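Grab the structure and work through these exercises with it open in your viewer. Try each task yourself before you read the solution.

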Amino acid sequence: MAGQLYRTLSLLGAALLLTACAGSAALESQTRQRDSKLARIYFLREKGMVGAMGGTAGTADIKVDGKNIGALRNGFYLFVDRPAGTHELSVQAAVSLPYETEIRVEAGQVYYLNLGAAPWGPPGQVLLNQAYAGGSGELLPPRAGLSGAMSGTVLYRMDPGSGAALMAQLQAP
């Protein structure tokens, strides 16, 4: 019994370690020119204290309209181009539930979405989490209460000036 528990915990630890070591990856071209008929959506992930100290948090998988578009770790960004309209977004990090929300976009516009720590909990803990893992901008509301309450990583919408300034500090995948 103790041996089985030890093996289970060892495998869980190894899986978490491998997740933390994984890099950022985009599944769509990151060199394509902007098309004025499409909206460009940037997904940003601040360095936070983790990145500032040379470490890395686990990657966060991102989906748009149910399709996996890539994974981000702290200090990186990626983008997708999508037609005007409402798009479903999902971000999931490590062992938490996915954070699901939606965004309405217009053709020719640029949107900056920041992956960050969930803003729920005691005020001191929220500030510590956001300093550790990042998280600034206006929270995009979750599609369901459980999605928000049980998610380790959420999406914040940033204004164009703040988003572009943050992106200048980050690396492409």
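**Warm-up: the sheet**

Strand 9 and strand 10 (residues 153-158) run antiparallel to each other and pair over two bridges. Two strands count as paired if DSSP finds at least two bridges between them, and strands (E, at least two residues) and helices (H or I, at least four) are DSSP runs numbered from the N terminus. Before going on, note that this is a predicted model: local features need pLDDT of at least 70, side-chain atom pairs count only at pLDDT 80 or more, and totals for chains, interfaces and linings use all residues. Residues are numbered from 1 along each chain as its sequence is written, and side-chain values use heavy atoms, with hydrogens and water left out.

**Exercise 1. Work out which strands sit at the edges of the five-stranded open sheet.**

Step 1. Write down the strand order, which is 5-2-8-10-9, with mixed pairing.

Step 2. Look for strands that pair on one side only: these are strand 5 and strand 9 (138-139), the edge strands.

Step 3. Check the strand 9 end at residue level: Leu 139 stands opposite Tyr 156 in strand 10.

Step 4. Now add the helix. Helix 5 (residues 160-167) lies across strand 2, strand 5, strand 8 (110-117) and strand 10, and runs at about 65 degrees to strand 8. Contact here means heavy atoms within 4.5 Å; the angle is taken between N-to-C directions on a 0 to 180 degrees scale, using axes fitted to C-alpha atoms, for helices over the stretch in contact.

**Exercise 2. Find the salt-bridge partners of Asp 81.**

Step 1. Set the cut-off: a salt bridge is a side-chain nitrogen of Lys or Arg within 4 Å of a carboxyl oxygen of Asp or Glu. The structure holds six of them.

Step 2. Try Arg 32: its closest N–O approach to Asp 81 is 2.9 Å, so by the 4 Å cut-off the pair is a salt bridge. Asp 81 lies in strand 5 (residues 76-82) and Arg 32 in the loop between strand 1 (25-26) and strand 2 (39-45), so the pair ties together parts 49 residues apart in sequence.

Step 3. Try Arg 40: Asp 81 bridges to this residue too, with the closest N and O atoms 2.7 Å apart. Arg 40 is in strand 2 and Asp 81 in strand 5, so this pair links parts that are 41 residues apart in sequence.

Step 4. Follow the chain of partners outwards. Arg 32 also forms a salt bridge with Glu 28, at 3.4 Å between the closest N and O atoms. The network of salt bridges links Glu 28, Arg 32, Arg 40, Lys 67, Asp 81 and Arg 82.

**Exercise 3. Sort the residues into buried and partly exposed.**

Step 1. Use these limits: buried is under 20% relative accessible area, exposed is over 50%, and partly exposed is in between (1.4 Å probe, protein chains only).

Step 2. Apply them. Arg 40 is buried at 5%, Asp 81 is buried at 8% and Glu 28 is buried at 13%, while Arg 32 is partly exposed at 31%.

**Exercise 4. Describe the surroundings of Arg 40 and Val 110.**

Step 1. Leaving out residues up to four places away in sequence, Arg 40 touches several residues, including Gln 33, Phe 79, Gln 109 and Tyr 111.

Step 2. Turn to Val 110, found in strand 8. Val 110 is partly exposed at 24% and, with the same sequence neighbours left out, touches Arg 34, Arg 40 and Tyr 42.
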